[in-house]
Amino acid sequence: MAGKQLTSSSLARARAASPRGLLAATALLLLLLLAASYSLLLSPSSPGGLASPSSGPGSAADTAFLASLDRFLASPRRSAPSSAAPGDLDAAIRAEEEARLHGGGAWPAAPAPLRVYVYEMPSRFTYDLLRLFRDSYRETSNLTSNGSPVHRLVEQHSIDYWLWADLIAPESQRLLKNVIRVRRQEEADIFYVPFFTTISYFLLEKQECKALYREALKWVTDQPAWQRSEGRDHVIPVHHPWSFKSVRRFVKKAIWLLPDMDSTGNWYKPGQVYLEKDVILPYVPNVDLCDSKCVSETQSRRSTLLFFRGRLRRNAGGKIRSKLVTELKDAEGIIIEEGTAGADGKAAAQNGMRKSLFCLNPAGDTPSSARLFDAIVSGCIPVIVSDELELPFEGILDYRKIALFVSSSDAVQPGWLVKYLRSIDAKRIREMQSNLLKYSRHFLYSSPARPLGPEDLTWRMIAGKLVNIKLHIRRSQRVVRESRSVCTCDCRVGNNTRMF
């Protein structure tokens with residue numbers, strides 16, 4: 001693919017480099033201080049806490065990917081002995097579940113933490129790839145075939161780093177209490193596969209990347225826990241639509257962590273992804289958080305009605321963009337601009353969003369776009385024009401409180417969108433702006449991961465699938481093959497956008 005300029009020697013150099021221990025003590029002390037400073041954070045179990053502003057989303061924890069990654073790689077390896085799978089893993093798991101079920105008291109007596117077993121994969125799938133990204137970030141300006149900066153794409157899809165770094169951190173440094181790492185496989189509800197599929201896709205040569213995908217596939221599918229469940233209780237981050245693509249068909253029963261669910265078949269094959277199995281995660285925002293002070297300062301300067309800065313032409317569902325440009329380009333109070341990469345492009349987008357009441361969020365090459373989350377953390381009310389869009393954590397968050405949903409057919413009608421936006425009264429605008437400030441915490445990844453942040457909500461969504469996962473594992477174990485079909489039911493209904 002165009003823009004893949006790094007070679008296998010880059011990965012070899014990354015493997016040869018080992019983190020220095022010089023900053024280990026300082027890093028540990030810093031993390032302990034961070035954990036202490038968050039001791040007053042709202043508890044995940046507090047009633048009505050989903051959007052409480054009591055602890056601002058941009059306060060102490062580190063939300064910058066590079067800064068967090070530098071500290072992570074400079075720290076000692078975060079590993080402790082994990083036991084191998086028992087000889088009969090299925091029997092051990094059944095015994096563990098029976099003990100929990102009949103151990104006394106009501107079942108479940110209280111919401112129990114989700115127990116995650118994190119595979120200790122060889123370094124070539126984990127640390128080596130992180131070092132490759134870190135060491136090449138500043139010295140590389142390579143672009144994808146459509147002009148997007150490669151390393152920025154990796155960063156905005158870096159959900160695999162944020163989740164893994166939190167899971168393997170010492171428990172004393174973690175803030176999340178509703179998910180814990182277990183060392184014995186028979187104790188696990190879920191198995192996490194820490195393979196960096198996006199970094200390997202973008203920073204390795206094509207054939208080297210495919211070879212690494214095949215190695216990772218073999219390593220994971222050889223595990224007893226995978227073979228027991230056929231991967232149904234395994235979590236695999238596949239957050240860029242091109243990542244892991246050459247081997248996806250072999251892991252389609254696993255829980256995929258995705259940016260969206262494209263129903264056209266351009267990115268995912270039919271039957272590979274659906275809401276009942278997988279989880280949608282937000283992109284990492286590209287702009288800085290507009291906190292309460294920023295919102296107050298920019299309130300009087302939001303003179304632009306509708307703002308958009310990005311690629312004006314896209315493929316697939318993103319063709320709506322060129323139609324919207326034609327319709328809106330000469331309208332009063334509306335700014336539509338072609339986006340640019342780099343620091344100047346980020347500054348222009350951030351300034352434009354902070355001066356606008358509404359931010360246009362049309363579909364891109366896929367139904368979702370990172371721009372939605374840039375708008376949310378900028379205090380700019382998203383106007384979503386993407387009929388096939390699925391949203392992160394929608395079983396927990398009500399997006400109608402922070403965004404407007406407009407069908408594509410309405411949006412391109414002459415004069416319709418401008419008239420609709422001007423009809424929204426000031427009271428509703430203020431309410432939605434206030435909700436954006438409260439909701440922004442749900443879209444900011446951080447180290448340590450914070451209660452009600454995206455890492456926390458990811459595990460809550462997975463915990464909600466747990467009973468159904470166990471149902472399909474047990475059913476697959478007792479159904480006689482060839483005698484009746486094993487249910488692979490996809491209960492997904494069409495996503496027809498309605499205007500709110």
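Let's start with one arginine. R371 is buried, yet it has no salt bridge. The nearest side chain of opposite charge is D374, and that is 6.0 Å away. A salt bridge here needs nitrogen and oxygen within 4 Å. Keep in mind that this is a predicted model.

Where does R371 sit? It is in helix 14, residues 371-377. What does R371 touch, beyond its neighbours within four places in sequence? The contacts are F308, R309, G310, R311, R321, M353, L360 and N361.

Now step back to the whole chain. It has 500 residues, and 53% of them count as buried. The secondary structure comes to 19 helices and 11 strands. Take the contacts with a separation of 6 or more: residues 24 or more positions apart account for 75% of them.

Next, the nonpolar interior. The largest nonpolar core has 122 residues. Y192, F195, F358 and L421 have the most contacts inside it. Which helix gives the largest share of this core? Helix 7, residues 159-167, with seven residues. The core also draws on two domains, with at least three residues from each. Domain 1 covers 65-73 + 86-280, and domain 2 covers 292-443.

Look at L421 for a moment. Leaving out residues up to four places away in sequence, L421 touches L305, L306, F358, V383 and L404. Apart from the big core lies another one, of five residues. Among them are F307, M353, C359 and A375. You have met M353 already, as a contact of R371.

On to a proline. P194 is in the loop between strand 3, residues 190-192, and helix 8, residues 197-203. Buried or exposed? P194 counts as buried, because its relative accessibility is 2%. Again not counting residues up to four places away, P194 touches V118, Y119, M121, F125, T126 and W164. There is also P122: it is 72 residues from P194 in sequence, but the two C-alpha atoms are 10.0 Å apart in space.

Aromatic rings next. How many aromatic pairs does the whole structure hold? The search finds 25. Take F72 and Y127. Their ring centres are 5.8 Å apart and their planes are at 15 degrees, so the pair is stacked. F72 lies in helix 3, residues 65-74, and Y127 in helix 5, residues 127-136, so the pair ties together parts 55 residues apart in sequence. Both rings belong to buried residues: F72 has a relative accessible area of 3%, and Y127 has 9%.

A second pair is Y119 with W219. That one is edge-to-face, with 5.6 Å centre to centre and 90 degrees between the planes. Y119 is in the loop between strand 1, residues 114-118, and helix 5. W219 is in helix 9, residues 206-221. So this pair links parts of the chain 100 residues apart. Y119 counts as buried, at 4% relative accessibility. Y119 is also one of the residues that P194 touches.

Ring pairs also build a cluster. Its members are F65, F72, Y127, F133, Y161, W162, W164 and F196. So F72 and Y127 appear here again, and W164 is another contact of P194.

Last topic: charges. Side chains of opposite charge can pair when their charged atoms come close. The whole structure has 20 salt bridges.

One is E120 with R181, where the closest N and O atoms are 3.6 Å apart. E120 is in the loop between strand 1 and helix 5, and R181 is in strand 2, residues 179-181. They are 61 residues apart. E120 is partly exposed, at 41% relative accessible area. R181 is buried, at 13%.

Another is E155 with R152, at 3.9 Å between the closest N and O atoms. Why are E155 and R152 about one helical turn apart? Because they are three residues apart in helix 6, residues 150-156. E155 counts as buried at 15% relative accessibility, and R152 counts as buried at 15%.

Then D278 and K277. Their side chains meet in a salt bridge at 2.6 Å, N to O. D278 and K277 are both buried. Finally, D70, R134 and D135 join into one network, through salt bridges that share partners.

Conventions:
Residues numbered from 1 in each chain as written. Predicted model: local features only at pLDDT ≥ 70, side-chain atom pairs only at ≥ 80, totals over all residues. Heavy atoms only, no water. Core = buried A, V, L, I, M, F, W, Y, C linked by side-chain atoms within 4.5 Å. Buried < 20%, exposed > 50% of the residue type's maximum accessible area, 1.4 Å probe, protein only. Helix = DSSP H or I, 4+ residues; strand = E, 2+ residues; numbered from the N terminus. Domains from an automatic or database assignment. Contact = heavy atoms within 4.5 Å. Lys, Arg positive; Asp, Glu negative; His and termini not counted. Phe/Tyr/Trp six-rings, centres within 6.5 Å; stacked < 30°, edge-to-face > 60°.
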